[in-house]
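Work through the exercises below with the sequence and the 3D structure at hand. Try each task before reading its solution.

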Amino acid sequence: MNFTVGFKPPLGDAHNMENLEKQLICPICLEMFSKPVVILPCQHNLCRKCANDVFQASNPLWQSRGSSTVSSGGRFRCPSCRHEVVLDRHGVYGLQRNLLVENIIDIYKQESSRPLHSKAEQHLMCEEHEDEKINIYCLSCEVPTCSLCKVFGAHKDCEVAPLPTIYKRQKSELSDGIAMLVAGNDRVQAVITQMEEVCQTIEDNSRRQKQLLNQRFETLCAVLEERKGELLQALAREQEEKLQRVRGLIRQYGDHLEVSSKLVESAIQSMEEPQMALYLQQAKELINKVGAMSKVELAGRPEPGYESMEQFSVNVEHVAEMLRTIDFQPGAAGEEEDDEVALEGDESNAGLEEERLDGPEGLH
C-alpha cells in the first residue's frame, strides 16, 4: 500500500505543544506522567506508581510503606538507561518529587484539550487516492489503506478492519512483549550478579587453599618443594578453568542483556510513534523480534557447589619415603582440622624427643 503524509503547515504553537507532549510520556505506562512524578538519580522521570511497580518487581520481599517492619531499602534499574537506583528504607517514597515536571503537566493540560496524538493522525493520506485518509487496515496484506482502495482499488477482495482496532491490538501485543522482555532482563541481571559472586567465592577459596598448601610445605625438604609446585599448578589450572567457564557465561549473559536492552529501547521509541499507520508499518517486525528474544534460551549456570575448591586439600601424614606420592585428597579438610587441634596440644606438652618423633605430624 502506497501512502504519503500530507502535511498542512501547522501553527508554531501547536507544533511546540506536540513536542512538549512527547517529553511528558512515562517510559513505563507509556501515558502522560501522573502525579506525583519522581526524579531518579540518573535524571530520568517516572510516575511514582510506575516506579513503585518496577521496584516491587525487583524486590519482591521488600516491606510495603504501611508495614510495621523496618526495611533496609532496596534497588532497581532505571527503565530508560539501566542505571542502578539504590533506595533507602522509605523505598520510592524517599525519591525527590519533580515539581517542575508536575507544573508543566498542569500547564499543558490547561492549554490543550485535544486527545493524545489526535492531530498527527489527520495528515496521513493515501498515495493512490490523494484526498482519502488512511483509515482501515488490510488484514490480508497486513498494511494500512484507505476506504477507496477497499471499494474498487488493490484491496477490494481483501479482508479489512478498522485502523484503531488493529492499532490497539498490535500496540497491546508490543507492550506485553516489552514487559516480558524487561522482566527477563532483570532475571538475567540477577543471574549475572550471582555468577560474579561465584567468581569471587572461587577466588577466595582458591586463595585459602593456596595458603594451606604453603603452610604445610614451608618446613619440608627440597623434594616437597618440587611436589608443592606441581600441586599449586594443578590448583591454578582448575581455578583458571572454572573462572574461564563462569566468565564466559557472564559475557554470554551480558551480550544477551545488551541486545535485549537495545531492543527494549527501540520498541519503546516505536511505542511513542503518534501516527498509527507509520507505527503499524514497523510494529509487526518489532513484535516478532521481541517475541523471538523473549524465547531465547541461555546456557545453564554453574551447578551447585561449582565454586568449591575443597577437593584440593592435602593430608601430609605420610612417611618420608612416600612424600613424592602426595596428591590432593578431596574431603580430607575436616579430618585435617581435627588433627591440627590435637597436635597443637601434644606439642605444647612434649619434650625434645617427642618433637623429633612427631615432626611430620606437626606440619598439619
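**Exercise 1.** In which helix is Thr165 found? State also whether Thr165 is buried, partly exposed or exposed.

Solution. The model used here is a predicted one.
Step 1: Thr165 belongs to helix α5.
Step 2: The relative accessible area of Thr165 is 39%. Buried requires under 20% and exposed requires over 50%, so Thr165 is partly exposed.
Step 3: For its position in space, take Tyr137, which is 28 residues from Thr165 in sequence. The C-alpha atoms of Thr165 and Tyr137 are 8.9 Å apart.

**Exercise 2.** Describe the surroundings of Tyr167, starting from its relative accessible area.

Solution.
Step 1: Tyr167 is also in helix α5.
Step 2: Its relative accessible area is 11%. The limit for buried is under 20%, so Tyr167 is buried.
Step 3: With residues up to four places away in sequence set aside, Tyr167 touches Glu273, Met276, Tyr279 and Leu280.
Step 4: Ala283 lies 116 residues from Tyr167 along the chain, and the separation of their C-alpha atoms is 9.3 Å.

**Exercise 3.** Which members of the largest nonpolar core touch the most other members, and which elements give two or more residues to this core?

Solution.
Step 1: The core has 28 residues, and Leu174, Ile178 and Tyr279 touch the most other members.
Step 2: Two or more residues come from each of β6 (124-126), α5 (163-217), α6 (222-271) and α7 (276-294).
Step 3: α7 has the largest share of this core, with 9 residues.
Step 4: Leu174 can be followed outward. Beyond its neighbours within four places in sequence, Leu174 is in contact with Ala267, Ser270, Met271, Tyr279, Leu286, Ile287 and Val290.
Step 5: As background, nonpolar side chains in soluble globular proteins tend to be buried together.

**Exercise 4.** Which residues of helix α2 are buried, and why can they be said to line one face of the helix?

Solution.
Step 1: Helix α2 covers residues 48-58, and its buried residues are Cys50, Ala51, Val54 and Phe55.
Step 2: Viewed down the axis of α2, these buried residues fall within an arc of 135°, so they line one face.
Step 3: Lys49 and Ala57 are exposed on the other side of α2.
Step 4: The cover over the buried residues of α2 includes β2 (37-39), β3 (45-47), β4 (74-77) and β5 (84-87).

**Exercise 5.** How many residues line the largest pocket, and how do they divide by class?

Solution.
Step 1: The volume of the largest pocket is about 450 Å³.
Step 2: Its lining has 18 residues, with Ser58, Arg75, Asp186, Gln189 and Ala190 nearest the centre.
Step 3: The elements giving two or more residues to this lining are α2, β4 and α5. The largest share is that of α5, 9 residues.
Step 4: By class, the lining holds 6 nonpolar, 5 polar and 7 charged residues.

**Exercise 6.** Carry out the same steps for the second largest pocket.

Solution.
Step 1: The second largest pocket has a volume of about 370 Å³.
Step 2: It is lined by 16 residues, and those closest to its centre are Ile28, Val54, Ile178, Ala179 and Val182.
Step 3: At least two lining residues come from each of α2 and α5, and α5 gives the largest share, 6 residues.
Step 4: The lining divides into 13 nonpolar, 1 polar and 2 charged residues.

**Exercise 7.** Which residues line the largest cavity, and which element gives the most to its lining?

Solution.
Step 1: There are 2 cavities of 30 Å³ or more in the structure, and the largest cavity has a volume of about 70 Å³.
Step 2: The largest cavity is lined by Pro79, Arg82, Val182, Asn185, Ser261, Val264 and Glu265.
Step 3: α5 and α6 each give at least two of these lining residues. α6 gives the most, 3 residues.
Step 4: The classes are 3 nonpolar, 2 polar and 2 charged.

**Exercise 8.** How many helices and strands are there in the protein, and what percentage of its residues is buried?

Solution.
Step 1: The protein has 9 helices and 9 strands.
Step 2: Of its 364 residues, 38% are buried.
Step 3: Among contacts between residues at least 6 apart in sequence, 64% join residues at least 24 apart.

Conventions
Residues numbered from 1 in each chain as written. Predicted model: local features only at pLDDT ≥ 70, side-chain atom pairs only at ≥ 80, totals over all residues. Heavy atoms only, no water. Core = buried A, V, L, I, M, F, W, Y, C linked by side-chain atoms within 4.5 Å. Buried < 20%, exposed > 50% of the residue type's maximum accessible area, 1.4 Å probe, protein only. Helix = DSSP H or I, 4+ residues; strand = E, 2+ residues; numbered from the N terminus. Contact = heavy atoms within 4.5 Å. Arc of directions from axis to C-beta. 1 Å grid on protein atoms, 1.4 Å probe; cavity = no way out; pocket = protein on both sides within 12 Å on 5 of 7 lines; lining within 4 Å. Points joined across faces, edges and corners; volume = space filled by probe spheres on them. Nonpolar A, V, L, I, M, F, W, Y, C, P; charged D, E, K, R; others polar.
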